[in-house]
Structures are given as C-alpha cells and as structure tokens.
Amino acid sequence: MTKYIIKRLLGIIPTLLIIITISFFIVRVAPGGPFDGERALPEVVKRNIEAKYHMNDPLLLQYGRYMFDVLRGDLGPSFRYKDHDVNFYIFQSLPNSIMLGVIAISLSIVLGITSGMLASVKQNTWVDYLSMALAVVGISVPLFVIGPVLQYVFAIKLQWLPTSGWFTAGGDWKTIILPAITLAFADFGVIARLTRSSMLETLRSDYIRTAKAKGMRNSAIIFKHAMKGAMLPIVSYLGPAFAGIITGSVVVEQVFRIPGLGKFFVQSSFNRDYTLIVGVVIVYSVILVIMNFIVDVVYSMLDPRITYK
Amino acid sequence: MKRESGYQMKNIMRKKQLPQTMNEFDQVVKGNSLSKDAWRRLKKNKMAVISVIIVSIYILLAICAPILPIYPYDEIVLDHQNLKPSFSKTSGELMFEKRLADLYTQAWRQGRLTLSEEQNAILETWIDKNQATKVWDYMYVEGNRQLESGTFTFNTAENRTVNNLKSKIATDLQITVDTIWTTDPQTGKKLNVEKLSTEEIVNLYATMVGNTPQQVITQYTVEIEQQILKQIKSESTGLTEAEYQSLLQADLAGFSQKERDNLTKDNVFSKIAAIAKDIAASDLKTAATDATAEFPLNKEIQIKDSLSASVKATKMHERRYYLGTDYVGRDMLSRIIYGGQVSIAIGFIGTLTSVLIGVVLGALAGYLGGKVDYFIMRVVDIMYGLPYMLLVIIAMAIFGRNILNLFFALAIISWLTISRMVRGQIMSLKNQEFIEAARSMGASTPRIIFRHLVPNSLSVIIVFSTLRIPSFIMTESFLSFLGLGVQAPYASWGSLVGNGVGGMTLYPWKLFYPALAMTIFLFAMNFLGDGLRDAFDPQSKNQL
Amino acid sequence: MSKTVTEHTYGNMLEVKDLKTYFLTDAGIVKAVDGISFTLKQGETLGIVGESGSGKSVTNLSIMRLIPSPPGKIVGGEIFFEGKDILKLSESELRSIRGNRISMVFQDPMTSLNPFLRISTQMIETIRLHQTISRKEALAKSIDMLKLVGIPAAEERVTNYPHQFSGGMRQRVMIAMALSCEAKILIADEPTTALDVTIQAQILELIQSLSKKLNTSVILITHDLGVVAGLCDNVCVMYAGKIVEKARTEDLYKSPSHPYTYGLIQSVPRLDKAKNGRLFSIEGQPPNVIDLPPCCPFHPRCHKVMDICRTQYPPTTDLGGGHEVSCWLYGAGKEQANV
C-alpha cells in the first residue's frame with residue numbers, strides 16, 4: 001500500500017513539470033506580452049519582471065530559475081498590477097473558490113448517490129423517472145444556462161435568494177446557495193446516472209444472488225453487499241468531476257459575481273496578464289493533481305482486488 | 001436466465017421438417033447486420049426518434065439560414081434596441097408603447113399624473129424590488145386610461161415628442177438600390193450602369209456633378225492613393241512618412257492601367273449609387289409622409305437626367321421581431337439561427353477533427369503497442385491531469401479570440417478519450433483470427449488498421465462521437481459565454497446567452513430564447529447519443 | 001393449512017407440484033419451467049440433468065423464490081417444504097428458510113462470493129442471520145465449517161478476501177457457508193462446472209460426505225451424467241422446461257426410456273465400449289422455448305419421431321417402480337400414437 005502511494009506520488013512529478021514548463025514558455029513566448037515592446041507596461045512592473053527573470057540570461061538558466069521559484073511557491077510579479085505579486089492575488093481569492101467548490105462537490109456527491117440509489121432500487125417508478133430527468137437536465141444543460149435561469153427564477157422573480165454577492169464580501173450566507181447548486185448540477189447528473197446503472201448492474205450480479213439465498217433483507221443487501229462495489233465507478237469519476245468543478249467555477253463565479261479565483265482568471269485573460277493566468281493555472285493544476293491522487297488511493301482502498309505491485 | 005436463441009438449430013432443422021408443419025422450428029432465420037439491427041432498435045426508441053427529428057430541423061435551419069426570410073443577423077437598428085418579442089405588434093408600435101410608458105412614468109414622477117395611494121404603494125414596492133418592467137407596463141395602461149378620460153394631458157414638449165415619433169415611425173424607410181439604369185438619349189436603350197466601361201461611367205458622373213471627366217479622374221486618383229496609403233499604414237507600423245510614400249509609389253507602380261481603371265470605376269459607381277439612394281430616399285420619404293405610396297414598395301425611380309434606379313423600400317418600423325431584439329436592435333430570431341449555425345458547425349466539425357486525431361493515434365497505439373503505445377498513452381495521461389479547459393482559455397487569450405483558433409484549441413484537447421477507447425478496442429481485436437488472416441495474406445500495417453480494425457470499432461466511435469457533439473458545443477459556448485470565443489458581430493449560442501445574462505432583469509427574452517434553443521438541441525443530441533448507444537450495445541443499458 | 005396436511009406426504013422433504021415459471025420478454029413468453037413435479041426425500045440426493053437452457057437452474061431458483069422479477073414470474077404450481085407452500089410464504093418467512101433450512105451453492109465460485117468483503121464477514125453474517133449467537137461464536141463456527149470443508153489454515157484464511165482463494169477453495173467456502181446453518185436441503189447448481197476436473201471430484205465427494213454426515217437432502221443440478229451416476233439416488237431429466245424422464249439412478253442407466261435420455265447416456269464417452277466406433281451425439285440444439293407450439297419439443301432431434309410427436313405433447317407414463325417417462329412410445333400414448 002505504502003509502495004503504491006509512493007509510486008503514484010512519483011507519477012505526479014512529470015505532470016507538474018510539464019505544467020510548469022508550458023507556463024514558462026507561455027510567459028516567455030506569448031505575443032502581446034511585455035517582452036516584445038508592443039504594449040506599454042508600467043515602468044515599475046517592467047523593471048520588476050526583468051529583474052525577476054534575469055531576462056538577459058541564457059534561456060536554460062531562466063527556465064531553471066523559474067522552475068525553482070515555482071517549486072518554492074513564488075509565482076512572480078503580475079504584468080498588470082504593481083502593488084502586489086501574483087501570490088497575493090491568488091491567495092486572496094483562493095479560499096472563496098475552495099469553499100464554493102467543496103460545497104458543490106459535496107452536494108453533487110450526496111444528492112447524486114442518494115437519488116441514483118433510490119432510482120435503482122425503485123426502478124421504473126416515479127422516483128426513478130424524476131431523478132433521471134433531473135440527471136439528464138444536469139448533463140445536457142450547460143451551467144451557464146442553469147445559473148442565470150436559477151438566478152432569474154429564485155432571485156429575481158421569487159426573490160427568495162440574493163442574486164449575487166458573497167458572504168465574505170458583505171452578503172449573507174444565502175449567497176452561497178444558488179452558486180453551489182448551479183455548480184453541483186452537472187456532476188450531480190453524472191453521479192446519479194452512474195450510481196443508478198452501476199447499482200443495477202451490481203444488483204444483478206452473482207454475489208447479490210448469493211446474499212439473497214442466504215436470507216438477507218433487501219436493505220441489508222444493498223448497504224452491506226452492493227454499496228461497496230457499486231461505488232467504484234463513482235469514485236473513479238471523481239477525478240474528472242473535480243476538473244469539471246474547477247472549470248465550472250470559472251463561469252459560476254462570473255455569473256454570481258463571486259470574488260474567487262475563476263473570476264480573477266477570466267479577468268486576467270482579458271488583460272493578458274500572463275503571469276497571473278499562468279499562476280492560476282498552476283494552482284488549479286496542483287489542486288487537480290492532488291485530488292486525482294487522493295481519488296486513486298481511495299479507489300485502491302475500496303477495491304481489495306487491486307494489487308500494489 | 002438467458003436462453004440460447006437456437007438460430008443454428010432452426011437452420012439444421014429445416015431440412016428435416018415435413019412441409020405441412022408450421023411451427024417455430026421451420027422459420028428461416030434472416031441474417032442481420034449489426035448496423036441494421038441497431039437501426040431497428042433505434043427506431044423502437046421514441047425519444048431517439050424525436051431527437052433525430054429535432055436535430056434534423058436544427059441542422060436544416062442552420063444550413064438554410066441565408067435563404068430564410070429573416071433579417072440579417074448583423075444588421076444594427078439603433079431605434080429598435082431591446083424590443084420585446086411580439087407576434088402581433090410591429091416594432092414601430094413597440095417603440096411607441098415604450099416611449100409612452102416612459103413619458104407617463106416621468107409625468108408620474110413629476111407629479112403631473114396622479115395615482116391613488118394604493119397604486120403608488122404598489123409601484124413603490126416594484127421599484128424597490130427592481131422590477132422596472134412591471135412599472136412600465138402598469139404605467140402604460142394607466143397612462144392611456146387617464147389620457148383617454150382626460151385626467152392627464154401631455155404638455156407641449158411631450159406632445160411634440162409623441163408627434164415626432166409618430167411621424168418617424170410612419171416615414172422611416174429602409175431602402176436598397178438594386179440596379180441603376182441609364183437611358184441612351186440617341187437610341188432610347190436602357191443600360192445597366194454597373195456594366196458600363198470606366199470611361200462611360202466617368203462621363204456620366206461628370207455630367208451629373210457638372211465637372212469635366214478629367215477633373216473626375218484626377219479627383220479619384222488622389223482618393224485611391226489615399227486609400228492605399230491607409231492600408232499600408234495599417235499593415236506595417238512604425239515607419240517614417242517618407243518610407244510610407246516610397247511603399248505607396250512601389251505599390252502604384254505595380255498597378256496596370258486596367259487595374260487602375262477598375263478601381264476608379266468602382267469608386268465612381270459607389271458614388272453614383274450613394275447619390276441614387278439619397279435621392280430615392282428623399283423622394284420616397286415624401287411619398288410616405290403624404291401616404292401616396294404603398295409599402296413595401298418595389299419600383300423604378302427617376303434620379304437625374306437619364307438615370308433611373310430600381311429601388312426596394314420597406315417601412316423600417318413595420319418590422320416584426322418574434323423573439324425580440326438585442327441591445328443594438330439586432331433581430332434575436334436571426335441571431336439565434338445564425339448562432340446555432342456557428343455552434344452546430346463547431347460541434348460537428350470539431351468532433352470530426354478530434355475523432356480523426358483520436359482514432360489515428362488510438363489505433364496506432366493499440367496496434368503497434370510497445371514504445372509508441374507507451375508514449376501516446378503517457379501524453380494522454382498527462383493531458384488528462386491538466387485542467388485543459390483553462391489551457392484553452394490561455395490559448396484563446398494568447399492567440400486571439402476568433403473562431404478558427406477556438407476550433408483548433410478545442411480539437412487539440414478533445415481527442416484524449418476517443419484515443420483511449422479506440423486503443424482498447426483495437427487491442428482486443430488485434431489478436432483475433434481475421435486479423436491474423438489479413439496479416440498472413442500480406443496486408444500492410446496501415447491497411448490492417450484502417451481497413452480491418454477501425455471499421456470494426458466503428459460502432460463505438462459513432463456512439464462516442466454523437467455524445468461528444470453536445471459536449472463540444474457546450475465547451476464552445478462556455479468560452480463564448482465568457483467572451484473568449486466567438487466575437488461580435490458573429491454569434492453563437494454561448495455568446496448570446498452571455499449577452500443576455502447582463503440585462504435579464506429587464507429583458508429576459510435575450511437570455512431565455514437562446515438558452516432554450518441551445519437546451520433543446522443539447523437534450524436532443526444527448527437522447528440521440530443514448531439511443532444510439534443502447535441500439536449498438538444493448539447490454540450496456542444506461543451506462544454512461 | 002388443512003389442505004396442506006392432507007396433500008403432504010410424510011417423509012418427503014420437498015414436494016414440487018406442477019411448477020411453472022415463465023419469463024416475459026420482448027420476444028414473447030419464455031416457458032423456462034413448464035409444469036414439472038418431483039419429490040425429494042430426507043437424506044436423498046436428487047440429480048436434475050439437462051442441457052443448458054433446459055430449465056434446471058430456473059427450477060431451483062424457483063424453489064428459493066429467487067427468480068429475477070421482472071421478467072421472471074412463477075405462474076403456477078406448489079412447492080411444499082416442511083408442510084408449507086413456499087410460494088405462499090411472506091418475505092420474512094421466506095428469509096428464515098433461505099440459507100437456513102434450504103441453502104444453495106452456485107455454479108461460479110469466482111463471482112458468487114462478494115469480492116469486496118472478507119470471508120469472515122460473509123460467513124459470520126450468514127450465521128448470525130439465522131442464529132442468535134455472538135460474533136465471536138459465529139467466527140469460531142465459521143472456522144469450524146471451513147475446517148470441515150477442508151480449507152487448510154482456516155484460522156488465518158478466514159480473514160482473507162475471496163480473490164485470495166483458488167476456484168476450488170472458493171467453492172469449498174461456498175459450501176461451508178451454505179451448510180453453516182445446518183440446512184435441511186442443499187441445492188447445488190452445477191457446483192463443479194467452473195472448476196478443474198481434479199477439483200471437481202473433490203468437491204463432489206465433499207458434498208456427498210457432508211450430506212451424509214449432516215443428513216442433508218441434496219438437489220444436484222448438472223449436465224454431467226457421470227456425476228449423477230456416482231452421487232444421486234434419483235434423477236430427473238429435463239428438456240425444454242419439462243421433465244421427460246424421472247427414475248432411480250440404476251433404472252435410468254439400465255433402461256433409459258426416453259430417446260433423449262438414451263441419447264444422453266450414449267453420448268457419454270466410455271472406455272469399455274466402442275473404442276473404434278464413433279461417439280454418439282444428439283444432432284441439433286435444444287429449441288428456443290419462446291412460444292413453443294404444442295408438440296414434443298424433442299421431436300426435431302428424435303430418431304424415433306412419429307407424426308403425433310409434432311402436434312401433441314405426450315402424457316406421462318409410469319413404467320413401474322417410480323420410473324416415469326413422457327414419450328409417445330410408451331403406455332397409453334402408444335396406442336393413441338398408432339391409431
């Protein structure tokens with residue numbers, strides 16, 4: 001087990017190196033950046049960047065330095081803003097995004113598994129049809145449609161919830177409800193459908209028949225025998241789900257005006273603030289890579305058949 | 001508890017049967033190809049059939065967009081900003097209503113239009129809740145009532161505004177000049193001005209403006225030079241004036257006499273056309289004001305001397321917007337159809353490209369195995385670990401926001417899953433006998449891959465591609481929504497929704513119609529994909 | 001339950017009467033089991049033989065009421081166990097029988113044990129479902145049972161996961177689990193089909209010795225006549241959802257009456273006969289049992305086929321000594337066929 005974890009940890013390294021390398025070349029090569037002299041940068045910023053990256057050094061040395069800085073956790077100065085460096089802006093907004101993401105993914109997992117289980121146990125009843133209809137909505141309708149529609153119905157028409165804002169920025173806790181639901185919707189759909197189909201398949205399997213032949217109750221069979229096996233596809237879906245949450249949060253933060261990393265990201269991509277964009281991508285990638293790692297470990301703990309060789 | 005179907009048995013049995021026995025043993029078993037079988041199953045699936053119909057309608061609309069009787073998607077009519085959708089009312093009526101509601105509301109604010117305490121309270125709560133639409137609608141009805149009953153009258157300025165608007169709505173025309181004719185004074189023959197020679201056009205124009213032909217030519221030579229200079233300056237920046245001049249001279253030297261003539265001709269002709277349009281406009285406007293002409297109108301108008309023009313004219317404010325207009329008065333219906341064209345095209349072509357890349361790489365990895373496989377799969381693994389959507393955003397930020405870049409960025413990142421799937425399929429197929437047979441007969445590797453292996457994985461590829469199209473469209477719309485994808489004046493569903501979000505309190509139709517159009521299509525595509533998957537692979541029912 | 005008592009014959013552990021189990025599929029009604037009757041006596045081993053799809057497994061799943069429904073449905077018949085009709089029991093009464101009074105061993109030991117749970121968990125759970133004893137006692141009992149079925153180092157292996165056992169060992173675990181509550185009837189559904197030949201003999205021997213030791217009645221489902229010959233007291237031969245011949249094992253081998261049984265026995269390779277001759281085989285395949293016309297389903301493959309076989313199903317004839325056969329060649333049917 002420990003061996004397996006170490007092996008997976010080592011597997012993370014090339015991914016991170018590639019991300020950082022891509023980042024380096026984006027900052028360096030990107031047209032319209034500060035280095036081809038076309039765009040006027042604030043003098044201070046320009047000097048900062050030049051000093052930071054030792055622009056006149058050989059490329060390899062610059063690359064090495066950049067790599068070292070990033071690994072140390074220093075993402076460099078912003079191209080746009082001269083007051084603070086990239087780290088400052090990122091870590092100011094990151095907690096908001098993490099909060100939103102965690103709530104959304106928990107919502108989608110809990111609701112998705114619950115409704116998927118209900119649908120599979122009550123197959124071909126209204127419970128099944130309702131939860132699958134919701135799931136299809138989650139899968140088919142993009143969240144930039146779901147978000148505004150929810151906003152229109154619940155915030156503007158019914159006035160139950162605030163349209164936008166964020167509780168750390170002066171709004172109340174209700175501000176988190178609509179963004180979290182919006183963000184959770186897509187993954188909810190996938191998880192509910194996955195749960196349903198994998199549960200149905202598990203319930204048809206031989207070992208469930210054995211459990212029935214033993215004289216077990218249906219509820220006990222579902223929770224003690226079927227659950228564990230049926231959860232495996234859901235666990236392996238969680239990797240893509242995290243990626244989806246990250247991507248989705250970019251839109252959701254935009255729609256609901258949440259001061260998170262995603263909103264920052266879009267802004268800086270309009271500003272062509274490359275160091276900031278790249279910084280955000282590195283942070284996102286690291287989160288994603290860690291999440292994927294955790295998912296893999298959880299999976300291997302759930303399935304005793306996986307051998308750690 | 002599956003039963004053996006006993007097909008072979010039936011075939012064997014047939015020869016032993018007596019002719020008079022009619023039971024299940026002597027039924028001839030018809031061979032069914034996989035695709036035929038799948039088609040039969042698909043037809044049974046109601047949702048899938050409905051989806052096929054819906055998708056076909058969408059595609060048909062997208063393809064036929066240029067010949068549909070809709071307004072151009074990029075035509076800006078500033079008078080028609082944010083008009084609400086209406087089947088019964090023309091744009092002029094809607095404009096008028098809007099204006100009146102505005103005037104009534106102002107009058108109410110100024111205290112000239114008085115309402116009961118109750119009414120005031122209702123309006124105040126609406127205003128508090130930011131529901132301006134309700135206020136306007138209410139004020140429009142209430143104002144009209146009071147105007148009729150005489151408890152409220154417009155003041156002079158308001159009266160003038162209303163009358164101006166009325167006459168504007170009645171007389172604003174949209175005029176297109178189709179052809180300009182000239183009648184030869186000697187022969188009386190009518191000629192199309194556009195088809196005349198340069199010399200003739202110049203002469204014509206010279207007589208029109210009362211100059212000599214020579215003067216006209218000199219004037220236009222200067223104009224053309226200025227045009228070219230402007231172009232040069234926009235292409236290369238940072239040169240001195242002298243350098244520009246030398247570039248210009250070099251360019252001009254490169255022109256032949258004929259090219260020069262053509263340039264002159266084009267310039268002069270557009271001038272004539274502009275004059276024709278002006279004259280026609282003022283003519284028709286009088287006609288519209290006096291109500292001496294019927295609109296829409298299509299007739300020949302005398303311009304000057306021997307010139308006449310075939311002109312089409314419609315009343316500007318008789319347009320109808322079934323789905324409303326956007327913030328610069330463009331027709332939403334037309335924008336949704338053209339936006340659909342862009343979205344669907346990107347969805348289909350993008351999917352095709354990514355599937356092609358994925359199939360080629362996946363097939364190579366699966367068939368060749370070894371180092372090639374290892375390398376391709378490592379690339380796939382690593383790219384899977386990246387938040388690729390964000391990389392697409394970066395790519396758009398760096399390389400510029402246009403459709404082509406968007407398309408490439410999407411195609412490059414979306415071949416991963418399909419390549420993995422094809423690889424798996426190929427690996428399971430490649431050790432089967434028919435591949436051995438092909439190999440033993442000396443078939444080349446590419447032949448084996450693309451004539452034997454890929455066709456056998458086709459059902460998987462088709463199903464995947466169908467499910468891929470909606471997600472491709474979603475990705476494209478996602479970027480366009482953020483403003484990083486398709487740029488105005490072009491539209492895509494994503495950018496339309498994105499534009500609609502801002503003003504959704506006041507103009508909800510700008511959000512809902514594009515969202516609805518998109519949602520229906522995505523639903524249909526998803527159901528179609530599910531249906532296809534179930535049809536091709538009935539065992540994996542409801543698998544994702 | 002007065003009716004039950006009068007009809008129930010003493011000494012019979014299980015009595016199946018005119019059982020019908022149908023599957024409602026898109027293609028039509030599949031009569032997987034169509035009116036079969038048999039009895040199982042205390043301590044007896046009954047073999048049910050037939051080709052794949054003849055309805056053997058469905059019969060036994062029907063006894064446990066484990067038919068997946070939909071599409072399956074028991075549409076008629078009675079199954080008496082200990083004086084009660086199983087088909088009329090409530091869910092909870094049924095659960096107290098399953099795994100406790102009647103237990104099952106399935107065909108594929110690879111998939112029949114839950115791969116995600118330890119053997120100990122699965123065994124303790126079974127025992128504690130039907131007996132009120134502590135976990136510790138249940139564990140001790142599980143280890144005893146594992147020892148009984150011949151698992152070496154049972155104390156350590158009880159905490160293993162199923163994938164850590166070989167196929168034969170897993171089947172032993174299944175048997176241990178099935179017998180851990182001293183079941184009255186053990187239904188073994190092709191318990192050796194998925195195993196190596198050498199292991200097969202061991203498992204069958206184990207079933208035989210344990211059933212003697214614990215006085216358990218056994219229903220052994222198989223398509224292997226050799227297995228039946230060695231183990232069973234009585235045999236039912238099934239074809240297309242019906243029992244075509246029912247007899248004591250010796251009688252069946254001595255005088256196979258139904259052409260199908262005859263064919264089955266002839267097609268078993270034997271060392272003492274026909275070294276130079278060709279192996280006998282029954283031509284063709286069993287029929288699709290969807291919408292079967294009223295006829296003897298075996299007639300297309302039968303070498304003694306008569307006209308009547310094609311239009312009518314034969315009645316059951318008692319050849320004496322409990323030897324019953326459903327074929328137009330015998331008894332009352334014979335005259336009818338010749339008319």
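Helices and strands are DSSP runs, helices of at least four residues and strands of at least two, numbered from the N terminus. In this predicted model, C:Asn215 is found in the loop between α9 (197–214) and β8 (217–222) of chain C. The backbone of C:Asn215 invites a second look, with a positive phi of about 55° although the residue is not a glycine. C:Asn215 counts as exposed because it has 10 C-beta neighbours inside 10 Å, and a residue with 12 or fewer is placed in that class.

A second loop of chain C offers a similar topic. C:Ala153 sits in the loop between α6 (135–148) and α7 (154–157) of chain C. Phi of C:Ala153 is near 50°, again a positive value in a residue other than glycine. With 9 C-beta neighbours inside 10 Å, C:Ala153 counts as exposed.

The loop between α12 (259–266) and β11 (316–318) of chain C holds C:Pro294. This proline has 10 C-beta neighbours inside 10 Å and so counts as exposed. Even so, C:Pro294 has partners from further along the chain: leaving out residues up to four places away in sequence, C:Pro294 touches C:Thr311, C:Gln312 and C:Tyr313. For C:Gln312, which lies 18 residues from C:Pro294 along the chain, the C-alpha atoms of the pair are separated by 5.4 Å.

These loops belong to a chain whose overall build can be summarised as follows. Chain C has 13 helices and 12 strands in its secondary structure. Its radius of gyration is 21 Å, close to the 20 Å that the globule rule gives for 339 residues, so chain C is as compact as a globular protein of that length. Taken along the principal axes, the C-alpha atoms of chain C fill a box of roughly 70 × 60 × 40 Å. Of the 339 residues in chain C, 47% are buried. Among contacts in chain C with a separation of 6 or more, 64% are accounted for by residues 24 or more positions apart.

Attention now turns to chain B and the packing of its helices. Two packed helices are described by the angle between their axes and the distance between the axes. For helix α16 (residues 416–429) and helix α19 (residues 458–482) of chain B, the angle is about 165° and the axes are 10 Å apart. With an angle over 145 degrees counting as roughly antiparallel, α16(B) is therefore roughly antiparallel to α19(B). The crossing of α16(B) past α19(B) is right-handed. On the α16(B) side the contact is made by B:Ile418, B:Met421, B:Val422 and B:Gln425, and on the α19(B) side by B:Val460, B:Ile461 and B:Phe464. Sorted by class, the contact of α16(B) with α19(B) comprises six nonpolar residues, one polar residue and no charged ones.

Another helix pair in chain B has another geometry. Helix α12 (residues 332–368) and helix α18 (residues 445–456) of chain B pack at an angle of about 95°, and their axes are 11 Å apart. Angles of 65 to 115 degrees count as roughly perpendicular, and α12(B) and α18(B) are therefore roughly perpendicular to each other. Here B:Val359, B:Ala363 and B:Tyr367 of α12(B) meet B:Ile449, B:Leu453 and B:Val454 of α18(B). The contact of α12(B) with α18(B) consists of six nonpolar residues, with no polar and no charged ones.

Helix α12 of chain B also contains B:Leu364. This leucine is buried, with 20 other C-beta atoms within 10 Å, and 20 or more is what that class calls for. When neighbours within four places in sequence are left aside, B:Leu364 is in contact with B:Val372 and B:Ile376. B:Leu364 and B:Phe450 are 86 residues apart in sequence, while their C-alpha atoms are 10.0 Å apart in space.

Chain B also meets a partner chain. In total, 33 residues of chain B are in contact with 41 residues of chain A. On the side of chain B that touches chain A, α14 (388–399), α19, α20 (493–502) and α21 (509–536) of chain B each supply at least two residues. The most is given by α21(B), with seven residues. By class, the residues of the side of chain B that touches chain A divide into 25 nonpolar, seven polar and one charged. Helix α19 of chain B thus appears both on that side and in the packing with α16(B) described above.

Notes: Residues are numbered from 1 along each chain as its sequence is written. Chains are lettered from A and ligands numbered from 1 in the order in which they are written. This is a predicted model: local features need pLDDT of at least 70, side-chain atom pairs count only at pLDDT 80 or more; totals for chains, interfaces and linings use all residues. Axes are lines fitted to C-alpha atoms, for helices over the stretch in contact, and angles run from 0 to 180 degrees between N-to-C directions. Angles under 35 degrees count as roughly parallel, over 145 as roughly antiparallel, 65 to 115 as roughly perpendicular and the rest as oblique. A crossing is left-handed if the near helix is turned anticlockwise from the far one by less than a right angle, and right-handed if clockwise. Two residues are in contact if their C-beta atoms, placed from the backbone, lie within 7 Å. Ala, Val, Leu, Ile, Met, Phe, Trp, Tyr, Cys and Pro count as nonpolar, Asp, Glu, Lys and Arg as charged, and the others, Gly among them, as polar. The radius of gyration is taken over C-alpha atoms; the globule rule is 2.2 Å times the number of residues to the power 0.38.
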